[in-house]
Amino acid sequence: MSSKYVVEQVDVRVHAQAISALWARCLRSLTPQAALGRLQHRYLGNPAGSGATLVLRHAEPAELAGVQCLHERRFHQGARQWRVAGFADYAVADAHRSLGPALQLMKKGIALAQAQYDWVYGLTNDKSEAVCKRSGLQRFGGVVRWTHALRSGQLLRRRLPGWLARGMAPLVDTALLLRDAARLGSARRLQWQDSHRFDAALDTVWQQRSATLLMSERSRAVLEWRFAVEVPARWTVSLARRGDGTPLGYVVWRVEDRMVLVADFFCADPARDTAVLLRGFAWHQRAQPVERLSLEFFGSPEVACGVRAAGFVPRPEHLPLYLVAGAAAVVPPPAHWYFTSFDRDGE
């Protein structure tokens, strides 16, 4: 019964060891040391603020049964700013994973977020969607995953006999190459700089951002905090410059199983330049031994059209985005949002 549980807000610094130990037990990809590093970096080192942390305790005996973090962000739309939190690093120990305790923890998190932030959002998986719905979070939209094929080997091998896949791949790959070359246009003149370091030009792109779109902060300092901490470096930032050397935009990415996973893509005028940026990036990636590109986006229809115009195809499944606003906040409608994998925090 949920009455056996209490939920309280705690100082993450004081309870860092207990929280990281619970994460390591529940989030299988984390060791205790990695979990502690995650907490120190993502919360205590967060440029937007350390957020808030709630823990679920079982009354008899008193033990840490669960944790829910509110990951703090600054959202911007022109000169206006919002203080926002994302539900992140939610974990409940195996012995306490019934709906009652999980719901109690989530509802307390929502109440805290509504009191302290303009709004709170969360992305769900199959395991947490029921809790989100029951707790009062409202579905705000769905994040779409888009893919772009550069080569056909893996796809053909999954669908055809090996000998036939090997014979067809060169023909299909040539067709894909010609297709991308035909749509390049002005993207052909872009100059690309790949690095694990975050160039000062990223601030130029951020400072010239669109005044109409709502987005979380993408200054150089925030991008570096988010992506440059891992050793060895997993993320590459590709900076695109126009022919005159001025920065157009960037893409942050890494390779996994011959797929380029795009964590963020951004240009100062996304409605106008997204197609150019992503066409150029797809062509740039042809120098890598990769087969597909994958990215996520939610928001502006004009930006989504740019993604499509760059040759990306939407996948049928959407990742549900849930949101609840604070008492005094009016959340801009989905058509004004610019939301990518960059805005996904924690597990």
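**Entry 1: strand S3 and its neighbours**

I take two strands as paired if DSSP finds at least two bridges between them. The model I examined is a predicted one. With that criterion I looked up the partners of strand S3, which spans residues 63-77.

I began with strand S8 (residues 215-216), which pairs with S3 in the antiparallel sense over two bridges. Phe 75 has Ser 216 in S8 as its bridge partner. I then turned to strand S2 (residues 52-58), which is antiparallel to S3 and pairs with it over seven bridges. Across that pairing, I noted Thr 53 opposite Cys 69 in S3. For strand S4 (residues 80-92) I recorded eleven bridges to S3, with the two strands again antiparallel. Within this set, His 76 is bridged to Gln 81 in S4.

I also checked the hairpin of S3 and S4, where two residues lie between the strands and Gly 78 takes a positive phi near 65°. As to exposure, 13 of the 15 residues of S3 are buried, so the strand is largely enclosed by the rest of the structure.

**Entry 2: salt bridges at Asp 345**

I searched the whole structure for salt bridges and obtained 21. Side chains of opposite charge can pair when their charged atoms come close. I followed one residue of S3 into this list: the side chain of Arg 73 forms a salt bridge with that of Asp 345, at 2.9 Å from N to O. Arg 73 belongs to S3 and Asp 345 to the segment after strand S14 (338-340), so this pair ties together parts that are 272 residues apart in sequence. I found both Arg 73 and Asp 345 to be buried.

What other side chain meets Asp 345 in a salt bridge? I found Arg 226, at 3.6 Å from N to O. Arg 226 lies in helix H8 (residues 220-227), so its pairing with Asp 345, in the segment after S14, ties together parts 119 residues apart in sequence. Arg 226 is buried, as is Asp 345.

I then traced the wider connections and noted a network of salt bridges linking Arg 73, Arg 218, Arg 226, Asp 264, Asp 343 and Asp 345.

**Entry 3: strand S11, around Asp 264**

I next considered the strand that holds Asp 264, namely S11, where Val 252 stands opposite that residue. S11 (residues 259-267) is mostly covered, with eight of its nine residues buried. Strand S10 (residues 247-256) runs antiparallel to S11 and is joined to it by eight bridges. In the hairpin of these two strands I recorded two residues between them and a positive phi near 55° for Asp 257.

I then looked up strand S12 (residues 292-299), which is parallel to S11 and joined to it by three bridges. Val 260 has Leu 293 in S12 as its bridge partner. From S11 the chain passes through helix H9 (residues 270-284) to S12, in a right-handed β-α-β crossover.

**Entry 4: helix H9 and a further salt bridge**

I looked up Ala 275 in helix H9. Ala 275 counts as buried because its relative accessibility is 11%, the cut-off being under 20%. Its C-alpha is 8.0 Å from that of Cys 305, although the two are 30 residues apart in sequence.

Is Asp 273 buried or exposed? I found a relative accessible area of 8%, so Asp 273 is buried. Asp 273 forms a salt bridge with Arg 272, with 2.8 Å between the closest N and O atoms. Arg 272, by contrast, counts as exposed because its relative accessibility is 53%, where the cut-off is over 50%.

**Entry 5: helix H3**

I checked the span of helix H3 (residues 99-116): its 18 residues reach 26 Å from first C-alpha to last, close to the 26 Å expected at 1.5 Å a residue. Among the buried residues of H3 I listed Pro 101, Leu 105, Met 106, Gly 109 and Ile 110.

**Entry 6: the second largest pocket**

I closed with the second largest pocket, for which I noted about 310 Å³ of space. Its lining has 18 residues, and those nearest its centre are Thr 147, Ala 149, Leu 155, Arg 292 and Arg 315. Which elements each supply at least two residues of the lining of the second largest pocket? I recorded strand S6 (138-149), helix H5 (153-159), helix H6 (162-183) and strand S13 (313-325).

Technical notes. Residues numbered from 1 in each chain as written. Predicted model: local features only at pLDDT ≥ 70, side-chain atom pairs only at ≥ 80, totals over all residues. Heavy atoms only, no water. Salt bridge = Lys/Arg side-chain N within 4 Å of Asp/Glu carboxyl O. Helix = DSSP H or I, 4+ residues; strand = E, 2+ residues; numbered from the N terminus. Buried < 20%, exposed > 50% of the residue type's maximum accessible area, 1.4 Å probe, protein only. Right-handed = clockwise from strand over helix to strand, strands pointing away. Expected span 1.5 Å × (residues − 1). 1 Å grid on protein atoms, 1.4 Å probe; cavity = no way out; pocket = protein on both sides within 12 Å on 5 of 7 lines; lining within 4 Å. Points joined across faces, edges and corners; volume = space filled by probe spheres on them.
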